[in-house]
Amino acid sequence: MRSEQEIMDLILEIAQKDDKIKAVYMNGSRTNPNVPKDIFQDYDIVYVVTDTKPYIEDKGWPDRFGEVWFMQYPDEDYYVAKPNQEQFKSTCNEFWWCLNNVGKGLWRNELPYANDMLNFVIRKMLERMLCWQVGVTTDFTVSTGKSAKYMYKWIPDNDYNHYLRTYSCGSVEECWNSVFLMTDLFGKYARIVSEAMGFVYNEGEEVACLTYLKLVQKLPKDANEVC
């Protein structure tokens, strides 16, 4: 077994021989002198690089440290892919169109149905749009993780806090608040992404949907027609 000094020397040697590595640092228990040393302490090393893509594509890169028995790969399935116009259009259409189901579900006081539509359909379209914004910001080189759990790193704090507030849907009133938080965020970022990517955004679809939702929100429970 290699000694701690041999491992540290190897970590630095790899950094020094790779022009793409600009810095290296260690965190974890080995940096804390108050943590008792034992045989299970690993080396939590972070390399600061100019481009992550070569390391993502080169599956053999970790072999520089020695024989690999098994390892955890990054969330490759959750790297943000660059959309095309049709994907952008379809996502916007799905978001705005399916909100009509949420509206009628809330008018009927069908909270389980409305929540299902919000979380399994509407939220996924909003999540996708926010991730595309992350992609625009990072040139589509990062992973936002499962359920976009890492997008907070790139989305402004105020908007991310608004996004978190959309999870509170225990009453009809709370659900309506979530709906309009979601529509505000989606509209904002759809415009940002469309401008950055050169896409066409159908603002008329948004206006029509919001008009309908606000009408349904105020619609009396004994209404005979939607008008």
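Colleague: Where does Gln87 sit in the chain?

Modeller: Gln87 is part of helix H3. A helix here is a DSSP run of H or I with at least four residues, a strand is a run of E with at least two, and both are numbered from the N terminus. A word on the origin of all this: the model is predicted, so local features need pLDDT of at least 70 and side-chain atom pairs count only at pLDDT 80 or more, while totals for chains, interfaces and linings use all residues. Residues are numbered from 1 along each chain as its sequence is written, and side-chain values use heavy atoms, leaving out hydrogens and water.

Colleague: Thanks! Why is Gln87 called partly exposed?

Modeller: Buried means under 20% relative accessible area and exposed means over 50%, with partly exposed in between (1.4 Å probe, protein chains only). Gln87 has 40%, so partly exposed is the right label.

Colleague: Which residues does Gln87 touch, leaving aside those up to four places away in sequence?

Modeller: Lys82 and Trp132. A contact means heavy atoms within 4.5 Å.

Colleague: Let's move to the aromatic rings. How many aromatic pairs does the structure hold?

Modeller: There are 14. Rings of Phe, Tyr and Trp (its six-membered ring) pair if their centres lie within 6.5 Å; planes under 30 degrees apart count as stacked, over 60 as edge-to-face and the rest as tilted.

Colleague: What makes Tyr47 and Trp61 an edge-to-face pair?

Modeller: Their ring centres are 5.9 Å apart, which fits the pairing limit, and their planes meet at 85°, so the pair is edge-to-face. Tyr47 belongs to strand E2 and Trp61 to the loop between helix H2 (53–57) and helix H3 (85–107), so this pair ties together parts that are 14 residues apart in sequence.

Colleague: How do you know that Tyr47 and Trp61 are buried?

Modeller: Tyr47 has a relative accessible area of 16%, so Tyr47 counts as buried. Trp61 stands at 14%, so the label holds there too.

Colleague: And what makes Phe95 and Trp96 an edge-to-face pair?

Modeller: Phe95 and Trp96 have 4.8 Å from centre to centre and 90° between the planes, which gives an edge-to-face pair. Phe95 is buried at 0% relative accessible area, and Trp96 is buried at 2%.

Colleague: Which residues form one aromatic cluster?

Modeller: Tyr47, Tyr55, Trp61 and Phe65 do. Two of these names come back around Asp18: Asp18 touches Tyr55, Trp61 and Arg64, not counting residues up to four places away in sequence.

Colleague: Why is Asp18 called buried?

Modeller: Asp18 has 8% relative accessibility, so Asp18 counts as buried. Asp18 lies in the loop between helix H1 (4–17) and E1.

Colleague: Gln41 caught my eye as well. Why does Gln41 count as buried?

Modeller: The relative accessibility of Gln41 is 12%, so buried is the label. Gln41 is in the loop between strand E1 (21–27) and strand E2 (44–49). With residues up to four places away in sequence left out, Gln41 touches Ser29, Arg30, Val35 and Pro36.

Colleague: What is notable about the phi of Phe140?

Modeller: Phi of Phe140 is near 55°, a positive value in a residue other than glycine. Phe140 is in the loop between helix H4 (111–138) and helix H5 (157–165), and Phe140 is buried at 16%. Ser147 also lies in the loop between H4 and H5. Ser147 has a positive phi of about 60° although it is not a glycine, and with 45% relative accessibility Ser147 is partly exposed.

Colleague: Now the whole chain. How does its radius of gyration stand against the globule rule?

Modeller: The radius is taken over C-alpha atoms, and the rule is 2.2 Å times the number of residues to the power 0.38. For 227 residues a compact globule would come out near 17 Å, but the chain has 24 Å. The C-alpha atoms fill a box of roughly 80 × 40 × 30 Å along the principal axes.

Colleague: What elements does the chain contain, and in which order?

Modeller: The chain has 7 helices and 2 strands, running α-β-β-α-α-α-α-α-α from the N terminus on. Of the 227 residues, 37% count as buried.
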